[in-house]
Amino acid sequence: MNGLRYSLAEQRGMFLALAIFIIMFAFYVANHPAGFTPNVVQTAANKGVLLALVAMAQTFVVLTAGIDLSVGMIFILANCLASYLLVGTPPMVALGVGGVLLTGLACGALNGLLVIYGRLQPIVITIATGAVFFGIALWIRPYPGSADDFSSDLADALTGKVLGVFPASLLFLILLVLVIWIPFRRSVIGRAVYAVGSSEPAAYMSGVPVMRAKFTAYVLSGLLAAMGGLYMTFFTYSGEASLANGNTYTLSSIAAVVLGGVSLFGGRGSAIGAIFGALAFRAIGDLLFVFDFDPLWQPLFQGVVLLLAVSLGAARLFQVRNRLDLFT
Amino acid sequence: MTTDKLDAPATSRTNWTSRIDLPVATAFGCIILLLLVGSLYSPNFLSPEYLLQQLKVGAFLGVIATGMMLVILLGQIDLSVPWAVTLGAMMASAATAYGPMGEVFAIPFGVLCGVLMGLVNGIGVAYLRIPSMIITLAVNAVAQGLMVAYTGGFAPQDSASPAMRYLAAGTILGVPNAVIVWAITGAVAVFLLGRTTFGRAIYGIGNKEAAAYLSGVPTQRVVMIAFALCGGLAAFGGVLLAGYAGKAAQSMGDAYLLPAIAAVVLGGTSILGGRGNYLGTVAGVILITLLQSILSVMQIAEFGRQIIYGAVIIVMLLLYGRERTGR
C-alpha cells in the first residue's frame with residue numbers, strides 16, 4: 001500500500017498532465033467540425049510529437065538538476081541539416097538521417113563536456129552553445145528552403161497513418177519510449193542520473209558515476225532534440241534557421257517538462273510525463289482554433305492557461321509541513 | 001562615472017582582492033583586447049566619439065542588466081525581461097497619446113507597468129515558491145498576450161514622447177543622456193547593494209536563503225522587491241529604447257534577454273547567487289556591446305557573428321567562470 005502511495009506521489013505530475021491533455025483534447029475533438037476522425041488525430045499527433053521530442057530531450061538534462069537552453073537550437077540545426085541530407089535513394093536517406101542524429105549527439109556531447117570539464121553552469125553555457133549551433137544552422141541554410149531532390153518517401157511514411165487509422169508519428173514516439181526511455185530508466189546510468197539530480201554530493205559519495213551520468217544525459221538530450229528537428233523536416237520538407245522558432249521550442253520544452261511533473265530541481269519525474277506535458281501544452285493551443293477565437297487573443301489565452309497550469313503544478317507552498325522546508 | 005564610486009563591497013572587505021578582482025580584471029582585460037583588435041582593423045575604434053557611441057548603445061543593455069543582476073544575485077533568474085522591455089516601451093508610448101498629461105506621466109507609467117509585472121513574478125517566486133524560471137516564463141507569455149491583444153498584432157502607432165526622446169537620444173555637454181541615466185542607475189544600484197540592509201539581504205539570500213531567514217531577514221519581501229525592481233528596470237530600458245528609436249515595436253525586447261544574462265555572468269556574478277559586484281556587470285555590458293559592434297563593423301555575416309559571439313562567451317567563461325572543485 002505504501003509502495004503504491006509512493007509511486008502515485010511520484011507520478012502525480014504525469015497524471016495531472018495526462019488529465020489536462022485528455023480534457024483539452026476531448027474538448028477539442030468534441031468541438032471540431034470533423035469530429036473524432038483519424039485525420040484530426042493525425043494532425044494533432046503530428047503537431048504534438050515535435051514538442052514531445054524536444055520535451056523528452058529537455059527531461060534528460062533537467063533530471064540531473066541542469067537545464068539545456070540549447071535544445072531549440074539543436075532542433076533548428078538538425079532541421080536545416082536534414083533539409084540537405086534527406087535526398088536520393090533510400091540508403092542515402094538513411095545515411096542522411098544518421099548524419100543528422102550524429103550531429104545532434106555531437107552537440108549534446110559538447111554541452112556535456114563543457115558542463116562537466118568546464119565546470120560551468122548549464123544555464124549559461126547552453127545559452128552560448130545555442131548561439132553557436134544557431135550560427136551554424138544559419139550558415140548552412142541562410143534562407144528557408146530544401147534540397148532540389150528532397151526525398152519525401154520516408155517523411156510521408158513517418159507522418160502518415162498506419163493501416164489508415166493510427167498516426168505514425170505517435171507510433172514513432174511510443175517506439176522511442178520503448179527503445180530509449182525504458183532501457184535508460186532501468187539502467188545503472190539512468191539511476192545515476194536520478195541520483196545526481198537528487199543530490200550530487202551524495203551521489204558522488206556513494207560511488208555513482210556522476211560524470212558519466214551527466215554526459216549521457218546531455219548526449220541523449222542532443223540526440224532527441226535532433227530527432228525533433230528531423231521530424232520538423234518530415235513535416236515541412238524544408239529547413240529554416242529561425243531564431244524565434246528555436247527560442248519558442250526551448251521555452252515550450254521547459255513549460256512542457258514542468259507541466260509533465262518533472263522537477264526543475266532534478267531527480268524527479270519522467271520522460272513519459274514530459275511527453276504528456278507537451279501534448280497537453282499543444283492541446284491548449286489547438287483549443288483556440290476550434291472555438292474560433294480571435295487570433296489576437298490567442299497568445300494571451302495560452303499565456304494565462306500556461307501560468308495557471310504551471311503555478312498549480314509547481315507551487316510548493318501547499319506541500320510544505322515546516323516553514324524552513326520552503327528554503328530547501 | 002569614476003571607478004572608486006562603483007566599487008561595491010561584495011560580502012566582506014578582507015577578501016576583496018581574492019574574490020572580486022580576477023573576473024572583473026579579466027573582463028576589463030578582454031575589453032582592452034577587443035579594442036586593440038578593433039583598432040588593428042580601423043583606427044576609429046579608439047576615437048572618443050566611437051567609445052562614447054558604444055557607451056550610449058550599451059546604456060540600454062546596462063539598465064536592463066542592472067535589474068537582471070539583482071535577481072541573479074538572489075540565485076534566481078528573470079526570463080520575462082523581453083516582454084517587460086516591450087511592455088514598458090509600449091505603455092509609455094501609449095500614454096503619450098493621451099494629451100499633455102499623458103506625456104508627463106508617460107515614463108513613470110511605463111516603468112510602473114514593468115514594476116507590476118515584476119511584482120507578479122516576485123509574488124510567484126517568494127510567496128508561492130514557484131521556480132523563477134517557470135513563473136517568469138509564464139508571466140512573459142501573459143505579457144506578450146496582453147500586448148498582442150492590445151496592439152492588434154501590429155506595431156503601435158503611438159510614438160515616443162519628447163521627454164523619452166530627450167532622455168535616450170539627447171546630450172548634455174557632449175555626453176549622451178542615456179549614458180548619464182545608466183551612470184545614475186548604476187550609482188543607485190551600487191549604493192543599494194553595498195550600503196543598505198536590502199543589498200546585504202540580497203547577498204545573504206543568494207548565499208543561503210534558509211540562513212538569511214533564520215537571521216531575521218524578511219527574505220520573501222526582499223525577493224519580491226528585487227523582482228519588482230528587475231521588472232521596473234527592464235521596462236525603463238524599454239522606455240529608453242522607445243525614445244531612442246522614436247516608437248515602440250513588438251519583439252523589441254527579444255534581443256536583450258540573453259545579452260543581459262551574459263553580461264551579468266561575464267562580469268563575474270555567480271549564476272547561483274550570492275557573489276558578484278556591479279563593476280563586473282558594467283564590464284560585462286561594455287564587453288558585449290563592443291563585441292557586437294566590432295562584429296558588425298567587420299561586416300561578418302549574421303551566422304559568423306552568432307558563432308563568434310557564442311564562442312567568445314564560452315572561452316571567457318572557461319577563463320574565469322569555472323566553479324571550484326570539491327564537492
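A residue is buried if 20 or more other C-beta atoms lie within 10 Å of its own, exposed if 12 or fewer, and partly exposed in between, with C-beta atoms placed from the backbone. The model is predicted: local features need pLDDT of at least 70 and side-chain atom pairs count only at pLDDT 80 or more, while totals for chains, interfaces and linings use all residues. Residues are numbered from 1 along each chain as its sequence is written, and chains are lettered from A and ligands numbered from 1 in the order in which they are written.

**Exercise 1.** Classify the burial of Arg129(B) and describe its backbone.

Solution. Step one is the count: Arg129(B) has 19 other C-beta atoms within 10 Å, so it is partly exposed. Step two is the location, in the loop between helix 5 (99-126) and helix 6 of chain B; helices (H or I, at least four residues) and strands (E, at least two) are DSSP runs, numbered from the N terminus. Step three is phi, which for Arg129(B) is near 60°, a positive value in a residue other than glycine. Most residues other than glycine have a negative phi.

**Exercise 2.** Do the same for Ala65(A).

Solution. Ala65(A) has 20 C-beta neighbours inside 10 Å and therefore counts as buried. The loop that holds Ala65(A) runs between helix 3 (38-63) and helix 4 (71-85) of chain A. Phi of Ala65(A) is positive, near 70°.

**Exercise 3.** Place Leu46(B) and Asn177(B), and list their contacts.

Solution. Two residues are in contact if their C-beta atoms, placed from the backbone, lie within 7 Å. Start with Leu46(B), in the loop between helix 2 (16-41) and helix 3 (48-73) of chain B. Leu46(B) has 12 other C-beta atoms within 10 Å, so it is exposed. Not counting residues up to four places away in sequence, Leu46(B) touches Leu35(B) and Ser39(B). The C-alpha atoms of Leu46(B) and Leu35(B) are 7.0 Å apart, with their positions 11 residues apart along the chain.

Next, Asn177(B) lies in helix 8 (residues 177-195) of chain B. Asn177(B) is partly exposed because 19 other C-beta atoms lie within 10 Å. With neighbours within four places in sequence left aside, the contacts of Asn177(B) include Tyr166(B), Leu167(B) and Ile172(B).

**Exercise 4.** Assess the overall form of chain A.

Solution. Begin with the elements: chain A has 14 helices and 2 strands. The radius of gyration (taken over C-alpha atoms) is compared with the globule rule, 2.2 Å times the number of residues to the power 0.38. Chain A has a radius of 20 Å, close to the 20 Å from the rule for 328 residues, so chain A is as compact as a globular protein of that length. Its C-alpha trace spans about 60 × 50 × 35 Å along the principal axes. Buried residues make up 51% of the chain A residues.

**Exercise 5.** Describe the side of chain B that touches chain A.

Solution. First count: 44 residues of chain B are in contact with 46 residues of chain A. Helix 6 (132-151), helix 10 (209-214), helix 12 (257-266) and helix 14 (302-320) of chain B each supply at least two residues of this side. By class, the side of chain B has 29 nonpolar, 9 polar and 6 charged residues. Here Ala, Val, Leu, Ile, Met, Phe, Trp, Tyr, Cys and Pro count as nonpolar, Asp, Glu, Lys and Arg as charged, and the others, Gly among them, as polar.
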